[in-house]
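Hello,

Here is the structure I said I would pass on. My notes on it follow below.

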Amino acid sequence: MNQALEGLLDLLDLEQIEEDIFRGVSRPSIVPRVFGGQVAAQALVAAGRTVPADRPAHSLHAYFLRSGDPGAPIVYTVDRIRDGRSFTTRRVVAVQHGQPIFHLSASFQTYEEGLEHQAAMPDAPDPETLPTAAEMLPRHLPAHVAERLVEARAAVDLRYADVPPWGTVGQPREPRSQVWFRANGKLADDSLLHVCLATYVSDMTLLDSVLLAHGRGGWAVGDVVGASLDHAMWFHRPFRADEWLLYDQESPSSSGGRGLGQARIWTQDGRLAVTVIQEGVVRVPR
């Protein structure tokens with residue numbers, strides 16, 4: 001396991017300071033605020049620690065309310081909304097400097113048999129044939145920007161199936177992108193941990209497809225400014241975040257200074273594991 005992944009796992013190992021109250025810290029980000037995927041993953045950890053281990057998460061719905069301060073701890077308060085025979089519901093509020101910065105509702109379910117079907121997995125290149133981030137990013141970004149982005153994502157092996165937005169600035173493309181990802185090391189057999197790792201990664205690239213539609217390079221080159229607004233995930237089938245997962249993303253709409261991204265996450269053997277939808281602020285600087 002590399003040092004960056006160990007650091008990420010430490011971030012997700014929240015300190016319990018009271019019953020249903022947890023405290024987390026942040027890691028440096030390429031922007032001067034807490035990375036949204038981090039606060040979402042930490043909130044899900046907090047919720048999951050109040051739920052029996054035999055009830056894995058099946059969905060989450062979240063709102064990003066304020067920019068987080070990476071220099072201050074984040075306090076997560078868990079509200080035990082419901083404990084039913086099959087489903088458990090939790091609400092989490094993340095607070096900094098006395099103000100809520102993030103709200104999460106998460107639902108957990110005991111395993112049961114049921115009707116089964118899924119969409120077909122899209123075509124995608126073999127992840128082992130694609131360049132790593134350290135190999136690919138310097139081809140399209142200034143060295144200091146590429147170095148910071150590689151460092152920020154070092155806990156995850158994330159590989160683009162095609163040229164990312166900052167590689168085709170000024171050239172509008174189909175609003176669709178694919179990345180393969182996996183944790184950069186072996187993880188424990190803890191289903192909550194694997195779901196939280198996928199939650200963390202899900203905020204990294206989902207709005208890329210919005211940028212592609214308009215030939216924008218994004219935050220890495222400064223031709224748009226933006227932030228996540230809300231985020232929803234449905235966990236359909238078990239998966240491991242230390243094995244290759246395909247993140248197939250597209251944008252059906254952008255308007256009003258906002259862009260919508262929707263995606264599916266597939267295991268390498270073709271099982272639909274997760275559905276993700278996110279809307280974010282996407283503004284052209286004046």
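**Notes on strand E7, the cores and helix H5**

Strand E7 pairs with strand E8 (residues 176-183) in the antiparallel sense, over 5 bridges. Please keep in mind that this is a predicted model. In that pairing, Asp157 stands opposite Arg182 of E8.

E7 covers residues 156-160, and 5 of its 5 residues are buried, so the strand is largely enclosed by the rest of the structure. In a regular strand, side chains alternate between the two faces of the sheet. In E7, Val156, Leu158 and Tyr160 point one way, while Asp157 and Arg159 point the other way. Both sets are buried, the one with Asp157 and Arg159 included.

On the nonpolar side, the largest core has 71 residues, and the members that touch the most others are Val39, Leu44, Tyr76, Phe102 and Leu104. The element that gives the most to this core is helix H5 (residues 191-205), with 9 residues. A second, separate core has 6 residues, among them Leu130, Trp180, Trp244 and Leu246.

Leaving aside residues up to four places away in sequence, Tyr76 touches Leu14, Asp20, Ile21, Phe22, Gly24, Val39, Gln42, Ala43, Ala46, Val92, Val93 and Ala94.

As for H5, the helix is mostly covered, with 14 of its 15 residues buried. At its start, a side-chain oxygen of Asp190 comes to within 3.0 Å of the backbone nitrogen of Leu192.

Regards

Key: Residues numbered from 1 in each chain as written. Predicted model: local features only at pLDDT ≥ 70, side-chain atom pairs only at ≥ 80, totals over all residues. Heavy atoms only, no water. Buried < 20%, exposed > 50% of the residue type's maximum accessible area, 1.4 Å probe, protein only. Helix = DSSP H or I, 4+ residues; strand = E, 2+ residues; numbered from the N terminus. Pairing = 2+ DSSP bridges. Core = buried A, V, L, I, M, F, W, Y, C linked by side-chain atoms within 4.5 Å. Contact = heavy atoms within 4.5 Å. Polar contact = N/O pair within 3.5 Å; in protein donor to acceptor, adjacent residues only side chain to side chain.
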